[in-house]
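I opened this one to go through the sheet, the helices on it, the aromatics and the cysteines. My notes follow in the order I looked things up.

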Amino acid sequence: ELALFSCLGDEGARRIAAFREQGGSFREVFEVARLLQLPPRGARELESLGYCGLAPQPKAEWTVLVYFCGDGDLEIYGVSELLQLEAAGGSPQVNVLFQLDRVPGSGIKEPVMRLMRETWTDGNWTGSRRYLLQPDRDPVRIDSLLLEKQGEIDSGSTASFEEFCRWGMIHFPARRYALFPSNHGAGTTGICFDETSGKLMRFPALEQALLRLGGFRRQQDGKD
């Protein structure tokens with residue numbers, strides 16, 4: 001069964017079995033990655049398995065939650081934003097969680113945009129995914145730790161935004177939190193257009209969601 005994971009293969013599975021037969025044990029998935037001397041991408045694939053049924057992590061100084069509604073014409077920029085954050089690096093005291101909702105498979109019709117998507121944006125996957133930021137300088141491939149694959153969601157729904165924030169705050173507690181819903185803005189109407197559902201998060205509903213999350217104050221924002 002271990003050999004079925006692409007990051008392990010037959011040789012990796014044999015090494016784990018031999019280690020266990022000699023009385024060795026693992027306390028966390030990271031120890032497995034070190035034992036196998038996996039390359040960074042293989043280690044992250046294996047580490048992602050350890051986040052199934054994610055337990056709360058140690059409290060950090062900051063947890064930053066980026067909610068990118070990429071189900072529309074900003075999809076490519078959502079992937080680009082995550083890649084730029086990876087290139088910028090991070091800090092052990094800061095958790096950066098990034099949720100990206102992409103266009104369904106039939107959503108991109110312009111030939112140039114479709115070509116960019118298929119050759120430049122991390123394998124042309126669809127649906128929504130959640131990542132824990134990992135430093136990396138690959139300009140075309142996401143190497144952050146994949147925590148969840150959600151399938152298609154309505155990222156123009158305030159309920160989806162609130163659920164993501166609550167999930168991040170439970171599993172990655174911190175002394176301070178910063179929330180970044182990202183997409184087109186519509187003046188005083190709302191933010192985050194999901195072009196599949198045709199909905200957006202309206203500000204009165206968003207204000208109520210922030211109150212339920214603990215009374216976040218809007219300190220700075222920018223809208224196009």
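**Sheet, centre outwards**

I began with a single bridge: Arg130 is partnered by Glu148 in E4. Ground rules before I go on: this is a predicted model, where local features need pLDDT of at least 70 and side-chain atom pairs count only at pLDDT 80 or more, while totals for chains, interfaces and linings use all residues. Residues are numbered from 1 along each chain as its sequence is written, and side-chain values use heavy atoms, with hydrogens and water left out.

For strands and helices I use DSSP runs numbered from the N terminus (helices are H or I, at least four residues; strands are E, at least two). Two strands pair if DSSP finds at least two bridges between them.

The Arg130 bridge belongs to the E3 and E4 pairing, which is antiparallel over five bridges. On to E2 and E3: they also pair in the antiparallel sense, over five bridges, and I found Leu100 opposite Arg129 in E3.

Then I traced the whole sheet. It is open, has five strands with mixed pairing, and the order is E4-E3-E2-E1-E5. Strand E4 (145-151) and strand E5 (174-182) are the edges, each pairing on one side only. From one strand to the next the twist averages 15 degrees; for angles, axes are lines fitted to C-alpha atoms (for helices over the stretch in contact), and values run from 0 to 180 degrees between N-to-C directions.

The parallel part I checked is strand E1 (residues 60-69) with E5, joined by eight bridges. There, Leu65 has Leu179 in E5 as its bridge partner.

**Helices on the sheet**

Helix H4 (residues 75-88) packs on the sheet and touches E1, strand E2 (94-101), strand E3 (128-132) and E5. Contact here means heavy atoms within 4.5 Å. The direction of H4 makes about 160 degrees with that of E2.

Helix H6 (residues 158-171) lies across E1, E2, E3, E4 and E5, and runs at about 155 degrees to E1.

**How enclosed is E3?**

I take buried as under 20% relative accessible area, exposed as over 50%, and partly exposed as in between (1.4 Å probe, protein chains only). Five of the five residues of E3 are buried, so the strand is largely enclosed by the rest of the structure. Both faces are covered: Ser128, Arg130 and Leu132 are buried on one side, and Arg129 and Tyr131 on the other.

**Aromatics**

My ring rule: rings of Phe, Tyr and Trp (its six-membered ring) pair if their centres lie within 6.5 Å; planes under 30 degrees apart are stacked, over 60 edge-to-face, and the rest tilted. I get five aromatic pairs by this rule.

Phe68 and Phe98 have ring centres 6.3 Å apart and planes at 15 degrees, so they are stacked. Phe68 is in strand E1 and Phe98 in strand E2, so this pair ties together parts 30 residues apart in sequence. Both Phe68 and Phe98 are buried.

Phe164 and Trp167 are stacked too, because their ring centres are 6.2 Å apart and their planes are at 25 degrees. They are three residues apart in helix H6, which means about one helical turn separates them. Phe164 is buried at 0% relative accessibility, and Trp167 is buried at 8%.

Tyr67, Phe161, Phe164, Trp167 and Phe172 form one aromatic cluster. Arg130 turns up again here: its charged end sits over the ring of Trp167, 4.6 Å from the centre. The test for that is NZ of Lys or CZ of Arg within 6 Å of the ring centre and within 35 degrees of the ring normal.

**Cysteines**

How many disulfides are there? I counted zero, taking a disulfide as a pair of cysteine sulfur atoms within 2.5 Å. For Cys69, the closest cysteine sulfur is in Cys192 at 5.2 Å, too far for a bond. Cys69 is buried at 0% relative accessibility, and Cys165 is buried at 0% as well.

**Loop check and totals**

Pro92 lies in the loop between H4 and E2 and is exposed, with a relative accessible area of 77%. Pro92 and Ala60 are 32 residues apart in sequence, with their C-alpha atoms 7.9 Å apart in space.

Over the chain I noted seven helices and seven strands. Buried residues make up 45% of the 224 residues. Of the contacts between residues at least 6 apart in sequence, 64% join residues at least 24 apart.
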